[in-house]
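I opened this notebook to look up how aromatic rings are arranged in one structure, and I wanted each entry to stay with what could be read off directly.

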Amino acid sequence: MRWLPNSVITLTLLTLAAPLQAETWRVALEEIKGSVQYEYAERFAERIEAKTDGKVNIKIFPYGQIGGMTDIYDAVQSGKIHFAFGSGFLGGTVPESQLFSLNYILSDDEWVNAQAVNSEAFLESEALQNSFRDRSLHPLAVVIEGWQVWTANKAIRKPEDFQGVGIRTMDNRLLTETYKAYGASPVTIEYGELYSALQMGQAEGNIQPVFAHEEMGFYEVQEYMILAKQAEFIATFMANKGFYDGLSEERKAMLDAVTDELVRPIHEHQQALNQQRLDKIKASSDIEIVELTAEERERFRQKSMPVRQTFVEMVGERGRSLLDKLLAAVERVKGQQ
Ligand code: 6CS
């Protein structure tokens, strides 16, 4: 390199030695540190950073940092955020996603459910993809975070026990219709305002996976915890559509690989986390745990059936197609066990 001036050689060596400016991908969560979504985001970050040799780094925004739930969805739709989770509150943005709020449409086996919602026939279906893509979002994975567990200040074993109970639901019409069908008087309240609403009696009951009852302290202001296995807490991990479409084929394939790799470990993690948190709740409170029998669950299941039709009426043919696909996927995976 004798023919190059020293200054050019120095500059070239410095440029090669300096780490390339890493690209930052922002991920917004509907939950706080310690939650299932946080764990998912951390594992996602580890894998993406490793697979891109550090060319991409991930910045995680836990619940509260962006604003309320709809602020998160607005941010990912507009591209300010690259990835986000969307669950119950997403019903206003992606009405079809309320499918995941329907009761008694899944199996009792959580591993069957996790595989069914991530099966190609369901996740990659035109109906599911277009439901999100029509709203500037691209669905990458469906994350099951554990059974939705009821709490209240009275034991609830049959629909009549729900009569007039002001149970808090996430803000979507399917949930409102479901709990009305059980006889309750549902109220919708933002996640971050829920503890004080329960404490002040503005809501009398709650529905969350166990880990959330624990980490948000909700169980402290409730007397009974009722396990009815009526639904799982389900969130969709999604990207901004324009951002996703602009990625190279190689990066899209990397995202597919990472979200596929995470299905089993996150399933195992959520089961262990929910069990640990249940043990913690039992050890640190005198909340009474009520587990419904098969006969008791059956009465709720029957009450929930007409709400499937409400879902189809609300979102049309695409809704029917999604429901059929999910029911079929669950049966198919069950048959393969
Ligand atoms: O109930 C809610 O509003 C929230 N619960 C959980 C466990 N995750 C996000 C959701 O919006």
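Is Phe 85 buried or exposed? I looked up its relative accessible area in this predicted model and noted 0%, so I entered Phe 85 as buried, the cut-off being under 20%. I then turned to Phe 237, which also counts as buried, at 0% relative accessibility.

Next I took the two rings as a pair. The centres of Phe 85 and Phe 237 lie 5.0 Å apart and their planes meet at 45 degrees, so I recorded the pair as tilted. This pair links distant parts of the chain, since I found Phe 85 in strand β3 (residues 83–86) and Phe 237 in strand β10 (residues 232–240), 152 residues apart. Both rings belong to a cluster that ring pairs build from Trp 25, Tyr 40, Phe 44, Phe 83, Phe 85, Phe 237 and Phe 243.

For the whole model I noted a count of 21 aromatic pairs. Another of the pairs I looked up is Tyr 63 with Tyr 191, whose ring centres are 5.5 Å apart with planes at 65 degrees, so I entered it as edge-to-face, the cut-off for that being over 60. Here too distant parts of the chain are linked: Tyr 63 is in the loop between β2 (56–61) and α3 (69–78), while Tyr 191 is in the loop between β7 (187–188) and α8 (194–199), 128 residues apart. I noted both Tyr 63 and Tyr 191 as buried.

My last entry concerns a charge and a ring: the charged end of Lys 59 sits over the ring of Phe 61, at 4.9 Å from the ring centre.

Terms used: Residues are numbered from 1 along each chain as its sequence is written. This is a predicted model: local features need pLDDT of at least 70, side-chain atom pairs count only at pLDDT 80 or more; totals for chains, interfaces and linings use all residues. Side-chain values use heavy atoms; hydrogens and water are left out. Rings of Phe, Tyr and Trp (its six-membered ring) pair if their centres lie within 6.5 Å; planes under 30 degrees apart count as stacked, over 60 as edge-to-face and the rest as tilted. Helices (H or I, at least four residues) and strands (E, at least two) are DSSP runs, numbered from the N terminus. Buried means under 20% relative accessible area, exposed over 50%, partly exposed in between (1.4 Å probe, protein chains only). A charge sits over a ring if NZ of Lys or CZ of Arg is within 6 Å of the ring centre and within 35 degrees of the ring normal.
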